[in-house]
Amino acid sequence: MRFFVGRPNIPDPDDFLASARTILENKHLTNNGPLVKDFEQKLSELLGVKHVITVCNATIGLLVAIKALDLSGEVILPSFTFIASAHVLQWTGIKPVFCDIDPATHNIDPAKIEQLITDKTSAIMGVHIWGRPCPHDELAEIAYKHGLKLFYDSAHAFCTTYKSRPIAALGDVSVLSFHATKCFNTFEGGAIVTNDDELAQKARLMCNFSFEGEDNVTGLGINAKMTEIQAAMGLCNLKSFSKVLSHNKNVYDYYKEKLYEVKGFSIIDYPVNEINNYHYIITEIDESVYGHPRDEVHDLLKSHGIFARRYFYPGCHKSPPYKNLCGDIYLPNTDSLCNRVLALPGGSGIDDLGSIDEIVHIIKSFNKS
Ligand SMILES: *Cc1c(COP(=O)(O)O)cnc(C)c1O
């Protein structure tokens, strides 16, 4: 048996193939087709946000969001995130300024932000790591006080909440990822979401070369469009999403119950009063208690065909090009977390709960304490 983190959720094949056939018959393949329109409408209702602009992937979606917000200079973000969060800033000529995280939540620590603000800072970019919400109210207060924009990389946060509010509606704008490995996918894809009418209109134009009408170019643009086949996948996956959620929760609960017995090997909590998608099974290994460092567990599991992941080792600030660009910056909580986190196969990577017994048995047997 082989177990993976981020195995794709697959919809009913007949449903998808019927939709694919319709696309071919209609010969409307892309450029704001009927399925994209339908998909955006359904997402807007589901996510509780006024504007949904679907895009080819979240990385391009973030580039568009950054341009639509007209950012420049420096943007403050956590280093404990997928490298794309930093790349989109660097790619648009903005300096990513890495902030440490709160070890309890893995999210950006609002107490460490103000000391990083300079006269070049134009925004704060939060990342809702594992779908657990950033401390939005604190971030919004800092952003307001210093006249900064606040936007979110919500790649992990499909259908999650913050203080019972839909996460997608927080900040000036937010970008979701529908990559194959995420809890909800359109093969590749994503969405720019906002309640701001003006920003939405600007972003929507930018996604299509900033064409307004047939041949009127209104400004700088790019091609960020979602295709009809991606929207078809999204519409089919939406139909089974509630099943995905309940499966994910069962997998998480079973891991939590089983790992409870393993000292020094803890599974992160999801806030009980919020909605989460339970897509990620994130563990933290305390080497001094468990008896082995994280990397040894990672290698041991791999030798058994269990492909756990060291997300987000070693942190953006220790990866090129940022490693050389930012010099020596001190992010003790990020460094420490990067060395103890291990993501275990969850969601559709686990077909039946018995596999969790096998995985936990291997982890337990390795434990000398
Ligand atoms: C996956 C991911 C992205 C990139 O999403 P794509 O749709 O693959 O471009 C960005 N940020 C985070 C935190 C991610 O996990």
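## Close-up views of a predicted model

**View 1. A salt bridge between Arg204 and Glu40**. Arg204 is partly exposed, with a relative accessible area of 37%, in this structure, which is a predicted model. Glu40, by contrast, is buried, its relative accessible area being 9%. Arg204 and Glu40 form a salt bridge in which the closest N and O atoms are 3.0 Å apart. The two residues belong to distant parts of the chain, since Arg204 sits in helix α6 and Glu40 in helix α2 (residues 34-47), with their positions 164 residues apart in the numbering.

**View 2. A salt bridge between Lys239 and Asp15**. The structure holds 17 salt bridges, and in one of them the side chains of Lys239 and Asp15 meet at 2.9 Å, N to O. This pair, too, links distant parts of the chain: Lys239 belongs to helix α7 (residues 228-239) and Asp15 to helix α1 (residues 13-26), and they are 224 residues apart. Lys239 is exposed, with a relative accessible area of 60%, whereas Asp15, at 23%, counts as partly exposed.

**View 3. A salt bridge between Lys50 and Asp197**. The closest N and O atoms of Lys50 and Asp197 are 2.7 Å apart in this salt bridge. Because Lys50 lies in the loop between α2 and β2 while Asp197 is in helix α6, the pair ties together parts that are 147 residues apart in sequence. Asp197 counts as partly exposed, at 42% relative accessibility. Elsewhere, Asp137, Lys163 and Arg165 are joined into one network by salt bridges that share partners.

**View 4. Strand β2 and its pairing with strand β10**. Strand β2 (residues 51-55) is largely enclosed by the rest of the structure, because four of its five residues are buried. β2 pairs with strand β10 (residues 190-194) in the antiparallel sense, and the pairing runs over five bridges. Within this pairing, Ile53 has Ile192 of β10 as its bridge partner.

**View 5. A nonpolar patch on the surface**. Phe209, Phe211 and Val217 together make a nonpolar surface patch of about 250 Å². Phe209 lies in the loop between α6 (197-207) and β11 (211-212), and this residue is partly exposed, with a relative accessible area of 36%.

**View 6. A patch of negative charge on the surface**. Here Asp286, Glu287, Glu296 and Asp299 gather in a surface patch of negative charge. Asp286 is found in the loop between β14 (281-285) and α9 (287-290), where Asp286 is partly exposed, with a relative accessible area of 36%.

Terms used:
Residues numbered from 1 in each chain as written. Predicted model: local features only at pLDDT ≥ 70, side-chain atom pairs only at ≥ 80, totals over all residues. Heavy atoms only, no water. Patch = residues over 30% accessible without salt bridge, like charges linked within 9 Å, V, L, I, M, F, W, Y side chains within 5 Å. Areas by Shrake-Rupley, 256 points an atom, 1.4 Å probe, with all protein chains shown as cover. Salt bridge = Lys/Arg side-chain N within 4 Å of Asp/Glu carboxyl O. Lys, Arg positive; Asp, Glu negative; His and termini not counted. Charge placed at Lys NZ, Arg CZ, Asp CG, Glu CD. Buried < 20%, exposed > 50% of the residue type's maximum accessible area, 1.4 Å probe, protein only. Pairing = 2+ DSSP bridges.
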